[in-house]
Amino acid sequence: MYTVLSITKREVYGYFATPVAYVFIVIFLIMSGLFTFYMGGFYERSQADLTSFFDWHPWLYLFLIPAISMRLWAEERRNGTIELLMTLPISVVQAVLGKFIAAWIFTAISLFLTFPMWITVNYLGDPDNGTIVASYLGSLLMAGGYLAIGSCISSLTKNQVIAFVVTIAVCFLFTVSGMPIVLNFFSSWTPQALLDTIASFSFVSNFTDLTKGVIDIRNIIYFLSLIIGALSLNVISINSRKGL
Amino acid sequence: MSVLIEVDKLTKSFGPFVAVDNISFSLKRGEVLGFLGPNGAGKTTTMRMITGFLAPTAGSIKVCGNDVSQYPIAIKEKIGYVPEGAPLYGEMTVLKFLHFIADIRKIPKNRIDKAINGAIKKLGLDLVLYQQVETLSKGYKRRVGLSQAIIHDPDVLILDEPTDGLDPNQKHEVRKLITEMSSTKAIIISTHILEEVDAVCSRAMIIANGRMIVDKSPKELLVGSPKGATLDDVFRSLTIENVKENK
């Protein structure tokens, strides 16, 4: 665990030692604000809640999270530092976890900095703060899902642009799988059970359940198992590079 | 003298290409092995297998008595390694980087300052401690790469072209450092520079096309060559012949 923490510390330091962190956080905050007020119609709804804020998170993450995850492994391979890292006395699992946790912490910091939104709704009205806490938790879990997929894809290539684009494509499938547009396509010829399965793989439907304020263990298990699954593939992909 | 590295019938293929072909040797504490060969001979691949970065296709490697494939983490603790080109985390300052390495190598808290200061002093990094690694000159980067390899005082040092990019004075310093450390460690150095072999190595191994051609002391290499021949001449005649044979 100590080793994982050492790697995490170095990675988090790496984010803040370069402009990456600051550029990302500023863009994230501006975009989440724009989506909430302009596209989500925060004022027009005349309701003191953060639905219009959280509803856009899957779409915001779809494009912003791959920008964080693309560098996780591709950059190490491009710079050759992966040789330095993997010849230190650490296991692949520790390296994968350390890097993932660092990226997740970084996302959590970005998400935390949206707290003025929370203050705003509390100032304007009397929102259900329990729902907001559950939504933040759901948003963080969903970000973890996007990151784990991105980390896995980043380990498959030296090229960060490829990692970015492929991650968006894969995450897009996970995002839209519960949307009517996809489900309608399947509904005419597939049994309901399969339809439910497809829908259950969706980031959006699992996240929306949590934003309703009900912390359902199934949604949490969904995100956690997705993270564990993607990170396991990540470990396999790095081991296979070794020629094992 | 204890044997620290044992390489037995080591082979590595990448698809149909055989990069390292049935190489065996052992190295004792106190020995400095110069790894010579033309570009693409398999030097780096061999070093990557000894350090556990690549897995061999066949054969075995033991470092300090432990098999590399069975105890990868235990052997990595015993090795200090400077990979080819000495890759480093450019965004870190030299001091932060050394702290990271000391941390991950689990150097005890009470010895951490001593270990880091020792490495800084040996490689003359005092003036650049708070500079980001990516802003350093090539020579300094190489020295930072070397400092991370010796910080934990390893039994085995593996250096892939450690003096590449250094000026003559720095080369001299690094060679002096290697000679100073050589009595307590087993060291493998890959290099193109043959005078380096003469200066620091007790053994020279020439490989070409993945195969070992010669494993002798630098002086023995010259035996049988025409009078006045240098190591350069011996190297050229041995490797060119081998390349022709394979064509």
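**Reading helix packing, burial and chain contact in a predicted model**

Reply: In this predicted model, the axes of helix 9 (residues 129-154) of chain A and helix 14 (residues 217-241) of chain A come within 8 Å and cross at roughly 15°.

Me: How are two packed helices described, and what does the angle make of helix 9 and helix 14 of chain A?

Reply: Two packed helices are described by the angle between their axes and the distance between the axes. Angles under 35 degrees count as roughly parallel, so helix 9 of chain A is roughly parallel to helix 14 of chain A. The crossing of helix 9 of chain A past helix 14 of chain A is left-handed.

Me: Which residues of helix 9 and helix 14 of chain A make the contact?

Reply: From helix 9 of chain A, the contributors include A:Leu141, A:Met142, A:Gly144, A:Gly145 and A:Ala148. Helix 14 of chain A supplies, among them, A:Ile220, A:Phe223, A:Leu226, A:Ile227 and A:Ala230. By class, the contact of these two helices has 12 nonpolar, five polar and no charged residues.

Me: Are helix 11 and helix 12 of chain A roughly parallel or roughly antiparallel?

Reply: The axes of helix 11 (residues 180-187) of chain A and helix 12 (residues 192-200) of chain A come within 10 Å and cross at roughly 160°. Angles over 145 degrees count as roughly antiparallel, so that is the description for helix 11 of chain A relative to helix 12 of chain A. Helix 11 of chain A passes helix 12 of chain A in a right-handed crossing. A:Leu183, A:Phe186 and A:Ser187 of helix 11 of chain A meet A:Leu195, A:Ile198 and A:Ala199 of helix 12 of chain A in the contact. Its residues divide into five nonpolar, one polar and no charged.

Me: What is the extent of chain B, and what does its radius of gyration indicate?

Reply: With 247 residues, a compact globule would have a radius of gyration near 18 Å, and the 18 Å of chain B agrees with this. The C-alpha atoms of chain B fill a box of roughly 55 × 45 × 35 Å along the principal axes. Chain B has nine helices and 10 strands, and 46% of its 247 residues count as buried. Among contacts in chain B between residues at least 6 apart in sequence, 67% join residues at least 24 apart.

Me: How many residues of helix 3 of chain B are buried, and what covers them?

Reply: Eight of the 11 residues of helix 3 (residues 94-104) of chain B are buried, so this helix is largely enclosed by the rest of the structure. Among them are B:Val94, B:Phe97, B:Leu98 and B:Ile101, as well as B:Lys96 and B:His99. The cover includes helix 1 of chain A, together with helix 4 (109-123) and helix 5 (138-150) of chain B. Just after helix 3 of chain B, B:Lys106 takes a positive phi of about 55°.

Me: Where does chain A touch chain B, and which element of chain A gives the most?

Reply: In this model, 21 residues of chain A are in contact with 21 residues of chain B. On the chain A side, helix 1 (2-17) and helix 6 (81-86) are the elements that give two or more residues. Helix 1 of chain A gives the most, with six residues. By class, the side of chain A that touches chain B has eight nonpolar, 10 polar and three charged residues.

Definitions and conventions:
Residues numbered from 1 in each chain as written. Chains lettered and ligands numbered in written order. Predicted model: local features only at pLDDT ≥ 70, side-chain atom pairs only at ≥ 80, totals over all residues. Helix = DSSP H or I, 4+ residues; strand = E, 2+ residues; numbered from the N terminus. Rg over C-alpha atoms; globule rule 2.2 N^0.38 Å. Buried ≥ 20, exposed ≤ 12 C-beta atoms within 10 Å, placed from the backbone. Contact = placed C-beta atoms within 7 Å. Nonpolar A, V, L, I, M, F, W, Y, C, P; charged D, E, K, R; others polar. Axes fitted to C-alpha atoms, helices over the stretch in contact; angles between N-to-C directions. Parallel < 35°, antiparallel > 145°, perpendicular 65-115°, else oblique. Left-handed = near helix turned anticlockwise from the far one by under 90°.
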